[in-house]
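Colleague: I would like to go through this model one element at a time. Please show it, then take my questions in order.

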Amino acid sequence: MDLSQKKLFLLDMDGTLYLDERLFDGAREFLDCVRFMGGRYLFLTNNSSRGVEAYVEKMARMGVDASPEDFLTSVDASIAYLHRQRKERSLLYVFGTESFRAQLRQAGFRVAGSRSDEVDTLLCGFDTELTFQKLEDACILLNRGVDYIATNPDWVCPTWYGSVPDCGSVCEMLRRATGRSPKVIGKPQPEMALLAMERTGYTPEQTLLIGDRIYTDIACGLNAGVDAALVLSGESTLKTVEQSEIRPTAIYEDIREIWGKLRDGR
């Protein structure tokens, strides 16, 4: 793969550019290099627990200048999907954070304050405000037959002390309780990468997705018809690659290695 031909870089964040509040060595240099060469990058995340402004602030704390236009989240992709499904008049039960619910309200959707007979759609995201009441409500709604959508299938979210259950783990718990599985919107589905190219005007040949997870990041890029580079600084290892049917276009130790090759025109 010739990195010099790439103009749009779709970047996973957790495990790819940073871990918690620690920016990886070479991340800032990589971003500067993309700008210097006249390219564009977008930060892609399946994390629906916080709004874009929180990510802008987090990047600033780590010394990276970013604007809201630099981000594309699973919430953005979910909102686009809900609009395509004409869900504006539906009443949504949002299994997620208050930030997630606020973003949906701002996009024009009706969000239920609690479980009710009017709810016809359950939307599940990464919920750092999880309660047993939400699990019970979700089971009741799913047994009732409401539409079921999930922002992402990630099993875990990385932290400095290890991992915590992400949206995929909660959806698996609900599947075992109710027998139902959701329509998944975020990575590995192609919608986020396709939406990024639509917004920026770059072609699949000009686009590279970089991430640390085989089953979400790499699969998303390949499903969207773009090259996908795996970094070994997060969840996936070489053993993960050997055991997976999904094959990244290229494998790098970390973002610093990619920066070095991009800087050298390789």
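**Strands, cores and a helix pair**

Colleague: In strand 4, which residue is the bridge partner of Phe-9?

Modeller: This is a predicted model: local features need pLDDT of at least 70 and side-chain atom pairs count only at pLDDT 80 or more, while totals for chains, interfaces and linings use all residues. Residues are numbered from 1 along each chain as its sequence is written, and side-chain values use heavy atoms, with hydrogens and water left out. Strands (E, at least two residues) and helices (H or I, at least four) are DSSP runs numbered from the N terminus. On strand 4, the partner of Phe-9 is Tyr-41.

Colleague: And in strand 13, what is the bridge partner of Phe-9?

Modeller: Two strands pair if DSSP finds at least two bridges between them. Strand 1 pairs with strand 4 in the parallel sense over 5 bridges, and with strand 13, also parallel, over 4 bridges. In strand 13, Phe-9 is matched with Leu-208.

Colleague: Why is strand 1 described as largely enclosed by the rest of the structure?

Modeller: Buried means under 20% relative accessible area, exposed over 50% and partly exposed in between, using a 1.4 Å probe and protein chains only. Leu-8, Leu-10 and Asp-12 are buried on one side, and Phe-9 and Leu-11 on the other. Strand 1 is largely enclosed because its buried residues number 5 of the 5.

Colleague: Which helix gives the most to the largest nonpolar core?

Modeller: Such a core is a set of buried Ala, Val, Leu, Ile, Met, Phe, Trp, Tyr and Cys residues joined through side-chain atoms within 4.5 Å. This one has 33 residues, of which Phe-30, Phe-43, Met-59 and Ile-210 touch the most other members. Elements supplying at least two residues each include strand 1, strand 4, helix 2 (52–61) and helix 10 (255–263). With 5 residues, the top contributor is helix 1.

Colleague: Are helix 3 and helix 4 parallel or oblique to each other?

Modeller: Their axes, lines fitted to C-alpha atoms over the stretch in contact, with angles from 0 to 180 degrees between N-to-C directions, come within 11 Å and cross at roughly 40°. Val-75, Ile-79 and Leu-82 of helix 3 meet Phe-100, Gln-103 and Leu-104 of helix 4 in this contact (heavy atoms within 4.5 Å). Angles under 35 degrees count as roughly parallel, over 145 as roughly antiparallel, 65 to 115 as roughly perpendicular and the rest as oblique. Helix 3 and helix 4 are therefore oblique.
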